[in-house]
Amino acid sequence: MTELLHMNDNYLREFDAIVESAGKDYVVLNRTAFYPEGGGQSSDHGTLTNGSRTVKVLDVRKEEREIRHKLDGPPFKIGSKIHGEIDWTRRYECMRFHTCQHILSRYLQLKYNVETVGNMIKPEESRADYSPLEAFDDEMKRKVEVGVNEILNQNIDVKIQFMPRSVAIVFLQERGYQTRYLEMVPNSVQEFRVLIIGDFDAASCAGTHVRNTREIGHIQIGKSKNVGAGKRRIYFKLID
Ligand SMILES: [Zn+2]
């Protein structure tokens, strides 16, 4: 299985790897810094080069238990040494959005007792789904914006810790994390990657995140809509 370098280092932009297998339009590497689409976060883009040929990476996803880098050109030969570079502008924006989504989710959980039931993290505008949340009028929207921005302004350190499953479950429950998400983690997973945003929030997450809330800027909440069964989808942007 491909070693996922982002798990330990969210700021790694370049890496060296070896091509382990290849398909018509993709390669599988022994290690990668590219984030494969998952957990609501869209995949990284970037380039792979063998020194003489550079190919764009259009998408990275888990398919048939492999991490496949989809290429804009023919794949490199198996055994090739390659150098990868991720599109940092796109990735860093996803990191800022993803940490912001955790803060928005925790804020809504604390203030309105709603659970996060889905998310879509991508550049320019991201979104998350909350339940039960029937209404979200302009006054509420403004209050949430102000409240989340007050948290962001506190320059809170964001840390990633690996914990044994049983330790993580106790830790997360004590911190008020949604048990729904703990139940979703398959039993085969014996180590949890826990994202800790100071005293404000703790969550199980495999995504990419910033080191401090000051990197995020400020949230601007956009439209929201009902997506059935008491669920409301809230869109948001980031501004300086
Ligand atoms: Zn997350």
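Which helix lies across β11, β12 and β13, and at about what angle to β13 does that helix run? The legends below take up this point together with other views of the predicted model.

**Figure 1. Overall fold of the predicted model.** The protein comprises four helices and 15 strands. Its C-alpha trace spans about 55 × 40 × 35 Å along the principal axes. For 240 residues, a compact globule would have a radius of gyration near 18 Å, so the value of 19 Å found for the protein agrees with that expectation. Buried residues make up 35% of the 240. Among contacts with a separation of 6 or more, 65% are between residues 24 or more positions apart.

**Figure 2. The open sheet formed by β11, β12 and β13.** The three strands follow the order β11-β12-β13 and pair in the antiparallel sense. At the edges are β11 (158-164) and β13 (201-204), each of which pairs on one side only. From one strand to the next, the twist averages 25°. Strands of a sheet pair through backbone hydrogen bonds, in either a parallel or an antiparallel arrangement.

**Figure 3. Pairing of β11 with β12.** Seven bridges join β11 to strand β12 (residues 191-197) in the antiparallel sense. Within this pairing, M163 stands opposite F192 of β12.

**Figure 4. The hairpin of β12 and β13.** These two strands pair in the antiparallel sense over four bridges. I197 has D201, in β13, as its bridge partner. Three residues lie between the strands of the hairpin, and G198 in the turn has a positive phi of about 50°.

**Figure 5. Helices α1 and α3 against the sheet.** The helix asked about at the outset is α1 (residues 88-112), which lies across β11, β12 and β13 and runs at about 115° to β13. Helix α3 (residues 165-174) also packs on the sheet, where it touches β11, β12 and β13. The direction of α3 makes about 130° with that of β11.

**Figure 6. The largest nonpolar core.** This core holds 24 residues, of which C100, I103, L104, Y130 and V148 touch the most other members. Two or more residues are contributed by each of α1, β10 (126-131), α2 (138-152) and β15 (232-239). The greatest contribution comes from α1, with seven residues. Nonpolar side chains tend to be buried together in soluble globular proteins.

**Figure 7. Surroundings of V148, and a second core.** Which residues are in contact with V148 once its neighbours within four places in sequence are left aside? They are I103, L104, Y107 and I219. Apart from the largest nonpolar core lies another core, of 17 residues, including A17, V28, F34 and I86.

**Figure 8. The N-terminal residue M1.** M1 belongs to the segment before β1 (3-4). Is M1 buried or exposed? M1 counts as exposed because it has 10 C-beta neighbours inside 10 Å, and a residue with 12 or fewer is classed in this way. M1 and I67 are 66 residues apart in sequence, while their C-alpha atoms are 7.8 Å apart in space.

How values were computed
Residues numbered from 1 in each chain as written. Predicted model: local features only at pLDDT ≥ 70, side-chain atom pairs only at ≥ 80, totals over all residues. Pairing = 2+ DSSP bridges. Axes fitted to C-alpha atoms, helices over the stretch in contact; angles between N-to-C directions. Contact = placed C-beta atoms within 7 Å. Core = buried A, V, L, I, M, F, W, Y, C linked by C-beta atoms within 7 Å. Buried ≥ 20, exposed ≤ 12 C-beta atoms within 10 Å, placed from the backbone. Rg over C-alpha atoms; globule rule 2.2 N^0.38 Å.
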